[in-house]
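Thanks for coming, everyone. I'll put the structure up and walk through it quickly. Please have the sequence at hand.

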Amino acid sequence: MHSEKEFSKKITFVSFVSALFVVLIHAYWVSLSYSVQDTLSYKIVIGAENFVNFLGNSYALTMFFAISSMLFFRNVDDNNLKRKLLSRAKSLIIPYLIWNALYTLFFFITGIYYLIILPFITNIHIFPPSK
C-alpha cells in the first residue's frame, strides 16, 4: 500500500509540472513595443519563453499521453478492456458533444447579434449593403 501512495504522489507531481508547462506554452509573455526589443531584458524574456515552449512541447504533451495511457492500461486485462473502452468513450464523448453544442450555440447567437441585430439598431453595417 505504501508503494501505491508513493506512485500516486509521483504521478500527481509529474502531471502538475506538465500542466504548468502547458499553461506557460499558451501564455503570451511579452507584448512590448518595438523600441525595447533591443534591450537585454527583452532578449532574456524571449529566450526564457522559447526555452519553456521547447520543454513544454517536447515534454509536457508527451508526458500527458504517457501518463494517460499508463493509467488507462494499469488495471486492464482482456476481460474488462471492452467495458473500460466504452466507459472512457462515454466519459469523453458526452462532455465533448455538450461543450461543442454550447460553443456553437454561443457563436450562433453572438453572430446573429453582430451581423443582424447590431447593424439594424445602430445603422452600422459590417458588410456594406449591395447596391
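Start with helix 2, and with what is hidden there. Tyr42, Glu49, Val52, Asn53, Gly56, Ala60, Ile67 and Phe72 are the buried residues of that helix. Please keep in mind that this is a predicted model.

Helix 2 covers residues 40–72, which is 33 residues. From first C-alpha to last, helix 2 reaches 46 Å. The expected figure at 1.5 Å a residue is 48 Å, so the two are close. Where does helix 2 bend? At glycine 56, by about 40°. And glycine 56 was on the buried list a moment ago.

Now step back to the whole chain. How many helices and how many strands are there? Three helices, zero strands. In sequence order the pattern reads α-α-α. The chain has 131 residues, and 13% of them count as buried.

Next, the aromatic rings. The structure holds three aromatic pairs. I'll show two of them, including phenylalanine 21 with tyrosine 59. That pair is edge-to-face, with 5.9 Å centre to centre and 80° between the planes. Why call it edge-to-face? Because the angle between the planes is 80°, and the cut-off for that label is over 60 degrees. Phenylalanine 21 sits in helix 1, residues 2–26, and tyrosine 59 sits in helix 2, so this pair ties together parts 38 residues apart in sequence.

Are the two partners buried or exposed? Phenylalanine 21 has 17% relative accessibility, so it counts as buried. Tyrosine 59 comes out at 27%, which makes it partly exposed.

The other pair on my list is tryptophan 99 with tyrosine 103. This one is tilted: 6.0 Å centre to centre, 35° between the planes. Both residues lie in helix 3, four residues apart, or about one turn of the helix. Tryptophan 99 is exposed, at 54% relative accessible area. Tyrosine 103 is partly exposed, at 42%.

Stay on helix 3, which runs over residues 81–122. Isoleucine 98 is in that helix. Isoleucine 98 has a relative accessible area of 48%, so it is partly exposed. Which residues join Ile98 in a nonpolar surface patch? Ile94, Leu102, Leu105, Phe108 and Ile109. Together with Ile98 they offer about 600 Å² of accessible area.

Last topic, charges. How many salt bridges does the structure hold? Two.

Take glutamate 4 and arginine 74. Their side chains meet in a salt bridge at 3.0 Å, N to O. Glutamate 4 is in helix 1, while arginine 74 is in the loop between helix 2 and helix 3, so the bridge ties together parts 70 residues apart in sequence. Glutamate 4 is partly exposed, with a relative accessible area of 38%. Arginine 74 is also partly exposed, at 35% relative accessibility.

Then lysine 10 and glutamate 6. The side chains meet at 3.3 Å, N to O. Both residues lie in helix 1, four residues apart, about one turn of the helix. Glutamate 6 is partly exposed, with 38% relative accessible area.

To wrap up, here is what I'd take back to the bench. The chain is three helices with no strands. Helix 1 and helix 2 are tied together by phenylalanine 21 and tyrosine 59. Helix 1 and the loop between helix 2 and helix 3 are tied together by glutamate 4 and arginine 74. Helix 2 bends at glycine 56. And the nonpolar patch, with Leu102 and Phe108 among its residues, is on the surface. I'm happy to take comments.

Terms used
Residues are numbered from 1 along each chain as its sequence is written. Side-chain values use heavy atoms; hydrogens and water are left out. Patches are made of residues with over 30% relative accessible area and no salt bridge: like charges are joined within 9 Å, nonpolar side chains (Val, Leu, Ile, Met, Phe, Trp, Tyr) within 5 Å. Accessible areas come from the Shrake-Rupley method with a 1.4 Å probe; for residues, only the protein chains shown count as cover. A salt bridge is a side-chain nitrogen of Lys or Arg within 4 Å of a carboxyl oxygen of Asp or Glu. Buried means under 20% relative accessible area, exposed over 50%, partly exposed in between (1.4 Å probe, protein chains only). The bend at a residue is the angle between axes fitted to the seven residues ending there and the seven starting there. Rings of Phe, Tyr and Trp (its six-membered ring) pair if their centres lie within 6.5 Å; planes under 30 degrees apart count as stacked, over 60 as edge-to-face and the rest as tilted.
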